[in-house]
Amino acid sequence: MGECTHRNLLFYHFSFLQKKRRAATARRQHLKSAMLQLAATEIEKEAAAKEVEKQNYLAEHCPPLSLPGSMQELQELCKKLHAKIESVDEERYDTEVKLQKTTKELEDLSQKLFDLRGKFKRPPLRRVRMSADAMLRALLGSKHKVCMDLRANLKQVKKEDTEKEKDLRDVGDWRKNIEEKSGMEGRKKMFEAGES
């Protein structure tokens, strides 16, 4: 009987937790939908405000076009339009130059800020397989004419050197040769061996 009540309690507790979770998810979904509705209305308001601003700007800067009847008036209108186009182009050029100048200053300031902090932004590097010849060709361009064969620069071992080392190894114990090298005769032999 104790097991049944324990199971019943667990079952009720589990069902209570599930109901609580369902209520939390329902509340979360309701909040999410409310936020989406608010965002959609804000976007619509911004779009309407931009449209009104655009209409006001066009009404201010672009008066309605009235085409005159005579040729002289048309020529004057064309001259006025060309003058307006030139002034607008000058303004556009000035704003572009200002923008480029400010972006350059901004980059310089951000670089100074990184320098002051001591943290340098490392550019992403790619691993490139390149031989020494290709690397020199890329760095020097047409000036590079030497073939970089790494094995050609290795030291060549002469057989005479190896034979001398072999003779020294064959000598063995130094006590055997001490009598040959002692005195004037031994020094003379060593001197002659060094010259040849």
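These legends walk you through several close-up views of a predicted model.

**View 1. The largest pocket and the residues around it.** Welcome to the largest pocket, which holds about 450 Å³ of space. Its lining is made of 16 residues, and those closest to the pocket centre are His-61, Cys-62, Pro-63, Leu-81 and Lys-84. Sorted by character, the lining residues comprise nine nonpolar, two polar and five charged.

**View 2. The helices that line the largest pocket.** Here we look at the pocket again, this time by helix. Helix α1, covering residues 2-61, and helix α2, covering residues 71-117, each contribute at least two residues to the lining. The most comes from α2, which supplies nine residues.

**View 3. A network of salt bridges in helix α2.** Stay with helix α2 for this view, where Asp-89, Arg-92 and Glu-96 are joined in a network of salt bridges. On one side of the network, the side chain of Arg-92 meets that of Asp-89, with an N to O distance of 3.5 Å. These two residues sit three apart in α2, about one turn of the helix. Arg-92 also forms a salt bridge with Glu-96, at 3.3 Å from N to O. Because Arg-92 and Glu-96 are four residues apart in helix α2, about one helical turn separates them. How accessible are the members of this network? Arg-92 has a relative accessible area of 45%, so it counts as partly exposed. Asp-89, at 36%, is partly exposed, and Glu-96, at 37% relative accessibility, is partly exposed too.

**View 4. Lys-104 and Asp-108, another pair in helix α2.** The structure holds three salt bridges, and this view shows the one between the side chains of Lys-104 and Asp-108, with 3.9 Å from N to O. Both residues belong to helix α2 and lie four residues apart, about one turn of the helix. Lys-104 is partly exposed, with a relative accessible area of 49%. Its partner Asp-108 has 34% relative accessibility and therefore counts as partly exposed.

**View 5. A nonpolar patch on the surface.** Our last stop is a surface patch formed by Val-128, Met-130, Met-135, Leu-139 and Leu-140. Together, these nonpolar residues have about 500 Å² of accessible area. One of them, Leu-140, lies in helix α3, which runs over residues 132-140. Is Leu-140 buried, partly exposed or exposed? Its relative accessibility is 45%, so Leu-140 counts as partly exposed.

Note on methods:
Residues are numbered from 1 along each chain as its sequence is written. This is a predicted model: local features need pLDDT of at least 70, side-chain atom pairs count only at pLDDT 80 or more; totals for chains, interfaces and linings use all residues. Side-chain values use heavy atoms; hydrogens and water are left out. On a 1 Å grid over the protein atoms alone, a cavity is a set of points where a 1.4 Å probe fits but cannot get out, and a pocket is an open set with protein on both sides within 12 Å along at least five of seven lines; lining residues have an atom within 4 Å of a point. Grid points are joined across faces, edges and corners, and a volume is the space filled by probe spheres set on the points. Ala, Val, Leu, Ile, Met, Phe, Trp, Tyr, Cys and Pro count as nonpolar, Asp, Glu, Lys and Arg as charged, and the others, Gly among them, as polar. Patches are made of residues with over 30% relative accessible area and no salt bridge: like charges are joined within 9 Å, nonpolar side chains (Val, Leu, Ile, Met, Phe, Trp, Tyr) within 5 Å. Accessible areas come from the Shrake-Rupley method with a 1.4 Å probe; for residues, only the protein chains shown count as cover. A salt bridge is a side-chain nitrogen of Lys or Arg within 4 Å of a carboxyl oxygen of Asp or Glu. Buried means under 20% relative accessible area, exposed over 50%, partly exposed in between (1.4 Å probe, protein chains only).
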